[in-house]
Amino acid sequence: WIVFPRPENDWSHHHCRRRWDLAEDDLLRYKFFQAFDELMQACENRFQWLGSAHQYVTVKNNMDKVIAFERGDAFFVFNFHPCNS
């Protein structure tokens with residue numbers, strides 16, 4: 001959780017803060033974001049796809065909220081639809 005400067009806090013950076021502890025709270029879903037981030041970093045460490053010049057979006061479907069893309073030798077498919085799999 002990050003509090004950004006905004007009109008409600010008079011655009012102050014004084015109130016900015018990061019809450020790294022939220023992923024440890026079992027009542028919240030931030031643990032899933034942390035697990036996803038850790039797995040993506042492990043994937044990068046193994047396959048070194050981030051630095052690759054080859055990148056191509058294969059499918060981008062706004063209705064289904066699906067994106068499939070190539071980066072290096074890796075192929076990723078993400079489904080962001082809240083109900084359909």
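A salt bridge is taken here as a side-chain nitrogen of Lys or Arg within 4 Å of a carboxyl oxygen of Asp or Glu, and a residue is called buried when its relative accessible area is under 20%. With these two cut-offs in hand, the reader can follow arginine 71 through this predicted model. Arginine 71 belongs to strand S2, and it is buried yet has no salt bridge, since the nearest side chain of opposite charge, that of glutamate 44, is 7.7 Å away. Because a salt bridge requires the atoms to be within 4 Å, a separation of 7.7 Å leaves glutamate 44 outside the cut-off. What does a polar atom of the side chain of arginine 71 lie 2.6 Å from? The backbone oxygen of leucine 50 is found at that distance.

The strand that carries arginine 71 is part of an open sheet of three strands, arranged in the order S1-S2-S3 with antiparallel pairing. Strands S1 and S3 (74-79) form the edges, each of them pairing on one side only, and from one strand to the next the twist averages 10°.

Between S2 and S3, which run antiparallel, there are six bridges. Among the facing residues, phenylalanine 69 has phenylalanine 76 in S3 as its bridge partner, while valine 66 stands opposite asparagine 79, also in S3. The two strands form a hairpin with two residues between them, and in its turn glycine 72 has a positive phi of about 65°.

In a regular strand the side chains alternate between the two faces of the sheet. For S3 the covered face consists of Ala74, Phe76 and Phe78, whereas Phe75, Val77 and Asn79 make up the uncovered one. Phenylalanine 76, the bridge partner of phenylalanine 69, is therefore listed on the covered face by this division, and asparagine 79 on the uncovered one.

Before the sheet comes helix H1 (30-47), and the loop between H1 and strand S1 (55-61) holds glutamine 48. At 1.5 Å a residue, the 18 residues of H1 should span 26 Å, and because its end C-alpha atoms are in fact 26 Å apart, the expected and modelled values agree. Glutamine 48 follows the helix with a positive phi near 50°, a positive value in a residue other than glycine. Lysine 65 also has a positive phi, of about 60°, although it is not a glycine; it sits in the loop between S1 and strand S2 (66-71), and it is partly exposed, with a relative accessible area of 39%.

Within H1 lies glutamine 41, which is partly exposed at a relative accessible area of 44%. Glutamine 41 and aspartate 25 are 16 residues apart in sequence, and their C-alpha atoms are 22 Å apart in space.

How many salt bridges does a search of the whole structure find? There are two. One of them joins glutamate 8 to arginine 6, with the closest N and O atoms 3.2 Å apart; glutamate 8 is exposed, with a relative accessible area of 63%, and arginine 6 is partly exposed at 37%. In the other, the side chains of aspartate 26 and lysine 31 meet at 3.8 Å, N to O, where aspartate 26 counts as exposed at 61% relative accessibility and lysine 31 is partly exposed at 26%. Arginine 71, by contrast, is buried and has no salt bridge.

Note on methods. Residues are numbered from 1 along each chain as its sequence is written. This is a predicted model: local features need pLDDT of at least 70, side-chain atom pairs count only at pLDDT 80 or more; totals for chains, interfaces and linings use all residues. Side-chain values use heavy atoms; hydrogens and water are left out. Helices (H or I, at least four residues) and strands (E, at least two) are DSSP runs, numbered from the N terminus. Buried means under 20% relative accessible area, exposed over 50%, partly exposed in between (1.4 Å probe, protein chains only). The expected span of a helix is 1.5 Å times one less than its number of residues. Two strands pair if DSSP finds at least two bridges between them. Axes are lines fitted to C-alpha atoms, for helices over the stretch in contact, and angles run from 0 to 180 degrees between N-to-C directions. Lys and Arg count as positive and Asp and Glu as negative; His and the chain ends are not counted. A polar contact is a pair of N or O atoms within 3.5 Å; within protein, one must be able to donate a hydrogen and the other to accept it, and residues adjacent in sequence count only if both atoms are side-chain atoms.
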